[in-house]
2 protein chains.
Amino acid sequence: MNPIEGHLDSRSPLHDILAPTGIAVVGASADPTKRGYKAMVGLIKDGYRGSIYPVNPRADMILGVKAWPSVTAIPGNPELALICTPAATVPGLIAECGRRGIKGAVILASGFAEVGGEGAALEREMMAKAEAHGVRIIGPNTSGIFNLHHKINLLALDNVKPGDVGIISQSGNMLLSLALEAQHNGHVGFSTYVGPGNQSDIGFNDYLRYLGEDVHTRVATLYVEGFRDGRKFLDVAREVTAMKPVVVYKSGSTEAGQKAASSHTGALAGSYAMTVDLLRQAGVSVVQYSDEILPVAEGLGLLQKARGKRVAVISDGGGQATIASDRLAEAGLELAELSDTTRQQLREVLLPQASTVNPVDVAGSTDAEPSLLATCMEIVAADDNVDSVFLVGMFGGYSIRFAESLLGDEMRGAEAMVDLSRATTKPLVIYSLYTPIKPPALRRLHEAGLPVYASIEQSVRVLAALGERGQYLAQLPRQSREAAVTPRPELAAVFERARGEERDLFEYEAKQLLRDHGVEVPAERIARSEEELAAIAARFREEVGDAPLVMKVVSKDILHKSDAGGVKLNLTGETALRQARAEILASCRAHAPAAEIEGVLVTPMASKGVEVIVGVIRDPIFGPVLMFGLGGIFVEILEDVAFRSIPLSRHDAESMVEQIKAKKVLEGARGEPAVDKESLVDLLLKVSSIVDAYPALSELDLNPVIAYADGYAVVDARVIVDRQASDEESRR
Amino acid sequence: MNPIEGHLDSRSPLHDILAPTGIAVVGASADPTKRGYKAMVGLIKDGYRGSIYPVNPRADMILGVKAWPSVTAIPGNPELALICTPAATVPGLIAECGRRGIKGAVILASGFAEVGGEGAALEREMMAKAEAHGVRIIGPNTSGIFNLHHKINLLALDNVKPGDVGIISQSGNMLLSLALEAQHNGHVGFSTYVGPGNQSDIGFNDYLRYLGEDVHTRVATLYVEGFRDGRKFLDVAREVTAMKPVVVYKSGSTEAGQKAASSHTGALAGSYAMTVDLLRQAGVSVVQYSDEILPVAEGLGLLQKARGKRVAVISDGGGQATIASDRLAEAGLELAELSDTTRQQLREVLLPQASTVNPVDVAGSTDAEPSLLATCMEIVAADDNVDSVFLVGMFGGYSIRFAESLLGDEMRGAEAMVDLSRATTKPLVIYSLYTPIKPPALRRLHEAGLPVYASIEQSVRVLAALGERGQYLAQLPRQSREAAVTPRPELAAVFERARGEERDLFEYEAKQLLRDHGVEVPAERIARSEEELAAIAARFREEVGDAPLVMKVVSKDILHKSDAGGVKLNLTGETALRQARAEILASCRAHAPAAEIEGVLVTPMASKGVEVIVGVIRDPIFGPVLMFGLGGIFVEILEDVAFRSIPLSRHDAESMVEQIKAKKVLEGARGEPAVDKESLVDLLLKVSSIVDAYPALSELDLNPVIAYADGYAVVDARVIVDRQASDEESRR
């Protein structure tokens with residue numbers, strides 16, 4: 001088992017309410033079907049050492065503890081109140097809590113913002129009281145909290161073992177499901193659980209920071225329906241994931257799921273694909289299926305991280321080696337190419353019919369000596385070409401399947417695997433088909449903190465998570481996020497002018513903004529008169545010779561230039577330019593008689609290449625986000641795009657280009673040359689640093705950018721101006 | 001539990017060797033680590049009622065059974081021999097078996113074709129003996145067989161329960177894994193197992209037919225690395241799946257997996273995507289992950305089939321309802337829209353805060369009365385808008401989580417679910433987070449043959465399989481495969497001529513073939529001289545007026561017409577045609593001076609539409625296969641194509657068009673009108689019926705076909721001629 005990777009070192013402001021020294025249970029009850037009973041039982045049975053104050057006007061004692069008629073009647077100073085009463089009572093109770101000096105309240109009731117209308121109003125009323133009285137709110141519409149290391153078990157869950165997996169879940173059933181799975185198949189216990197519910201006050205980011213700082217938490221695990229302040233969450237996640245793994249299951253991968261989530265916690269889902277990209281960028285381990293949450297969390301908590309994608313498979317059955325190979329490849333992992341030395345060493349211990357090409361198939365060599373599997377693992381773990389080791393097959397069951405007399409050797413094998421796991425820096429991931437029946441050798445591995453998984457599929461998801469985390473941690477020290485450029489006064493003035501005229505930037509202004517900050521935008525010149533056009537024609541002749549030019553109308557009143565006849569392609573020579581200008585002006589005037597036309601823009605026509613798109617949006621949940629993809633159907637039909645939160649690091653930009661499924665097109669499919677990825681990475685970083693410098697820039701759309709074997713050309717650029725942003729800000 | 005759907009009614013020729021009345025164990029041994037020991041133990045312990053003949057020259061008795069020095073020394077007439085000795089001994093032993101009248105032999109040894117070279121030669125030698133002596137071969141390189149209803153357990157597996165799941169697996173570990181999983185989490189036992197190994201004689205199709213005919217087998221489950229005669233397999237599968245479910249896990253979904261499989265069983269993998277499409281066409285339930293094989297097989301065996309995709313979810317936790325909604329949508333299933341009556345009935349039994357919109361969230365209504373969940377299931381099952389019912393949540397655990405006193409009501413709920421499962425024709429799929437701890441209510445469901453799954457993901461895969469199977473069975477009686485057209489002598493002669501000239505069909509010949517059989521190919525005329533061109537120009541002017549024409553060179557020596565300057569587009573008027581012809585001839589003569597040029601082809605230029613591709617290949621494993629996809633990057637980069645075995649049914653053709661991921665493009669993305677799918681379906685059926693009529697047609701490629709809002713146009717057609725096919729065949 002590797003040590004806890006680290007902790008944030010400040011003390012969370014939530015510490016008082018998540019590890020309180022006294023708790024008021026409002027709505028405490030002696031009726032075993034009530035939550036106010038369960039919570040009392042949980043605290044008493046688990047031996048909570050702080051003070052417990054049941055509040056119930058109709059009882060003197062509850063479960064042997066003196067009860068109080070109201071919150072204000074409590075004599076002590078509990079830090080936390082658990083409120084089990086209906087929604088309508090909550091605002092009044094929060095005020096009482098505040099007056100009693102209670103710092104935080106857990107609100108179980110539903111019927112708040114998630115039901116809309118009156119519920120939303122009640123939630124606002126509650127929050128007004130909470131702010132007025134300085135009470136922090138957990139929930140409402142939460143399943144509650146526990147903190148097992150402080151013996152606070154407000155859910156009264158049975159059989160949950162204290163351990164180091166922390167959980168924040170917007171689903172109580174999900175917690176219960178993880179607890180039952182851990183009880184039966186798990187390797188570790190739990191530290192703290194919080195149900196954030198509607199997050200009307202405290203949100204995921206606050207809870208995550210708490211788990212980041214909590215010395216009892218090795219891995220933070222989150223079930224999320226929706227973030228309130230996604231940008232803040234990413235910032236906290238970036239800090240926490242540098243210290244310990246954070247596993248997130250985000251619901252709402254489909255429209256049907258988003259609708260269901262919205263009726264559950266009132267969460268705004270946002271784009272699932274974008275959320276996943278941004279979480280991964282912040283170092284979060286995102287899992288796609290609910291049944292891999294616990295295996296991945298445990299794997300990340302217990303196992304070494306892989307430095308790369310190269311997996312060595314040791315198997316005792318060809319069929320399962322084949323399945324493992326398929327799953328690894330599908331997960332983006334590779335079969336390590338074993339060195340000659342490694343293969344020689346394997347040949348020395350295995351029978352001649354064994355395959356020493358990865359996946360290694362021992363082909364009967366271990367039937368009479370299962371501990372040889374540990375030897376093979378040791379051999380491949382020593383190979384520099386190997387990043388992680390994956391044992392696949394019958395280990396643990398040899399003494400059952402073949403002969404009882406093999407048990408001793410099998411236990412020696414288990415011991416050797418435990419020793420190897422302590423000696424190597426590479427993860428050992430073990431799948432055994434005997435996992436369901438827990439034979440002695442597997443129990444030994446389990447005790448030593450080496451998880452044994454029940455399916456190849458599950459194991460491969462763990463391997464993938466270990467690889468991603470290892471690679472994230474490896475690049476972290478070498479990366480910094482791109483600093484904003486220094487905004488230029490003349491460009492800030494362009495934004496001011498546009499805002500004054502209540503319009504977005506003209507294409508030439510957007511291009512000037514980019515060009516001035518080092519983005520490669522082909523030269524283009526605006527002709528406001530026939531004389532200017534002549535001069536421009538002459539200059540282009542000097543610069544690009546007879547290369548064809550393009551002409552476009554410039555008018556704030558004409559958005560769809562092509563539809564207005566405002567674009568002419570493939571123009572050569574001054575006469576052609578002159579004629580094109582006349583036609584454009586005539587056509588645009590006919591199309592939009594009232595339009596104010598500033599002139600025409602002339603630029604060399606871009607040569608053929610691969611069309612890509614770079615976009616920026618300001619997302620209501622996550623703030624400024626950069627988007628990259630291939631043009632046309634790739635974006636519009638296949639939605640094959642990558643997202644990153646701005647600012648980006650170089651690694652972020654590189655990984656965007658690698659991520660898209662149509663990457664093959666960039667790499668030179670259909671006989672075309674590969675494009676210059678490095679220059680695209682530079683473009684993404686430049687855009688990131690420009691966006692951060694001009695807060696008045698609300699959206700940006702470079703569509704298309706033509707990527708070449710050498711460099712790129714931004715052919716069209718649109719910048720949407722934030723007309724609300726203060727002048728102050730835009731000069732910042 | 002629904003009854004076994006049916007059986008093929010003939011008796012399999014494999015019956016004698018898979019259910020033999022006597023077995024010779026060649027290489028029987030008293031050494032507990034040997035397979036020859038295990039097999040003896042398996043037969044004796046399980047109480048095999050036939051005769052057992054251990055063969056071992058160095059023992060008189062083995063495990064209390066008289067041993068014989070050689071196969072020929074055996075006094076009785078066993079039908080099957082299990083051969084446990086090394087590869088080199090096998091050919092000689094097969095000859096002995098034949099002389100002794102033994103009908104079949106199970107060959108455990110590896111070291112045959114799967115290792116190539118000498119191993120392949122040894123396999124050929126063995127097969128020569130087998131054919132000469134009339135001995136059928138199971139394996140070699142097999143893990144063996146069992147037939148539990150006949151107490152034949154040659155693998156000596158412990159704790160396998162007889163039941164009705166049959167298994168054919170090219171991986172012994174996979175069998176073992178399924179057996180252990182069934183022992184622990186399963187609901188049913190096993191009937192017959194066969195490891196086909198290298199399939200040097202008996203192949204998957206033979207074994208599948210056996211399971212199809214076996215009255216003890218309700219579901220056939222296959223782990224396949226590669227088929228030997230895929231076409232035959234599809235034929236058998238089509239027959240068997242009409243009677244009972246067939247579940248296939250096909251390995252080799254990636255190149256890495258295909259490589260591993262090839263070193264394991266020497267299997268040729270072929271295209272995974274194609275294999276999956278063809279299996280599904282034949283009614284096979286294909287599973288993608290190894291850990292869903294047993295759940296899906298059990299679900300198909302035990303549950304009703306769904307008539308459609310509309311699932312009603314009943315849940316007691318909003319988070320898990322959300323996860324279920326996501327998984328269902330990802331699997332192509334839909335949330336049923338509940339009728340007003342259904343919602344009203346739900347409102348009558350649930351609390352006001354419950355959500356009666358699907359996914360139904362009982363929101364606490366069942367906390368004190370879990371049997372209400374069964375009531376809700378009953379209500380939604382009665383809704384005509386619902387095809388299947390999915391229970392998600394805590395059922396089975398209410399008496400643990402809330403109060404022990406709820407146990408009685410929970411058991412009543414279980415009973416009601418069992419009753420409902422017997423009364424309804426819709427499947428009830430149950431997920432409980434308490435599955436791992438098997439509480440009484442879940443045990444009751446289990447005993448009654450209602451599977452309870454351990455994860456939402458697993459449950460949804462079962463729902464998807466039930467839906468696919470239900471829909472397959474529903475369309476089956478209404479569908480027949482398209483009959484071949486009657487081949488025309490003049491077209492057969494075209495093939496003969498091409499073969500005589502050692503070339504493929506000219507484009508105009510290929511188009512004539514299609515046109516003559518009713519495919520829509522725009523009129524085109526070949527001009528062999530300037531005079532012919534003038535006449536052609538006149539005829540086109542009459543037919544299409546001034547619409548632009550296209551001209552292409554016709555020469556068997558010029559394959560890449562564009563490269564040779566042999567294509568001219570957008571031609572209007574006789575002068576333009578004349579000039580184009582001159583230019584094409586000049587350019588082609590310059591490009592390929594030796595080329596024999598027959599003339600030029602003139603055809604109207606196709607107007608804009610959606611480019612699709614229709615192709616036919618003769619696959620070495622599966623025979624004639626039709627391919628359909630969108631043109632350009634969709635095929636070349638995204639490999640987004642659908643395959644069907646020829647001949648197709650109308651359902652097959654329709655499902656091809658619906659299957660491709662880029663279907664959106666056909667349905668009118670980016671402001672374009674939707675294309676005429678019906679006419680594309682007709683095209684696919686016509687191509688299928690043409691291919692079947694002309695055996696000399698080896699490959700066909702219609703690329704592109706332009707699909708319009710009304711009809712389509714085949715713009716280019718290539719037909720590759722099978723130069724090996726006999727004249728006989730091509731006249732058939």
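Guide: Welcome! A polar contact here is a pair of N or O atoms within 3.5 Å, where within protein one must be able to donate a hydrogen and the other to accept it. Keep in mind that this is a predicted model.

Visitor: How many residue pairs are in polar contact between chain A and chain B?

Guide: Salt bridges do not come into it, as the count between the two chains is zero. For polar contacts, a pair is counted when both residues are at pLDDT 80 or more. On that basis, the count between chain A and chain B is 34 residue pairs.

Visitor: Which helix gives the largest share of the side of chain A that touches chain B?

Guide: Chain A brings 71 residues to the contact, and chain B brings 71 residues too. Among the helices of chain A that each supply at least two residues to this side are H5 (172-185), H11 (318-330) and H17 (456-475). The largest share is 11 residues, and it comes from H11(A).

Visitor: What area is buried between chain A and chain B?

Guide: The side of chain A that touches chain B divides into 33 nonpolar, 23 polar and 15 charged residues. Carbon and sulfur atoms give 58% of the area buried between the chains. The whole buried area is about 5800 Å².

Visitor: Which helix gives the most to the lining of the largest cavity?

Guide: The structure holds one cavity of 30 Å³ or more, and about 100 Å³ of space lies in the largest cavity. Of its 13 lining residues, those closest to the centre include B:Ala537 and B:Arg541. Helices H20 (530-544) and H21 (574-591) of chain B each give two or more residues to the lining. With four residues, the one that gives the most is H20(B).

Definitions and conventions: Residues numbered from 1 in each chain as written. Chains lettered and ligands numbered in written order. Predicted model: local features only at pLDDT ≥ 70, side-chain atom pairs only at ≥ 80, totals over all residues. Heavy atoms only, no water. Contact = heavy atoms within 4.5 Å. Buried area = accessible area lost by both parts, 1.4 Å probe. Salt bridge = Lys/Arg side-chain N within 4 Å of Asp/Glu carboxyl O. Polar contact = N/O pair within 3.5 Å; in protein donor to acceptor, adjacent residues only side chain to side chain. Nonpolar A, V, L, I, M, F, W, Y, C, P; charged D, E, K, R; others polar. 1 Å grid on protein atoms, 1.4 Å probe; cavity = no way out; pocket = protein on both sides within 12 Å on 5 of 7 lines; lining within 4 Å. Points joined across faces, edges and corners; volume = space filled by probe spheres on them.
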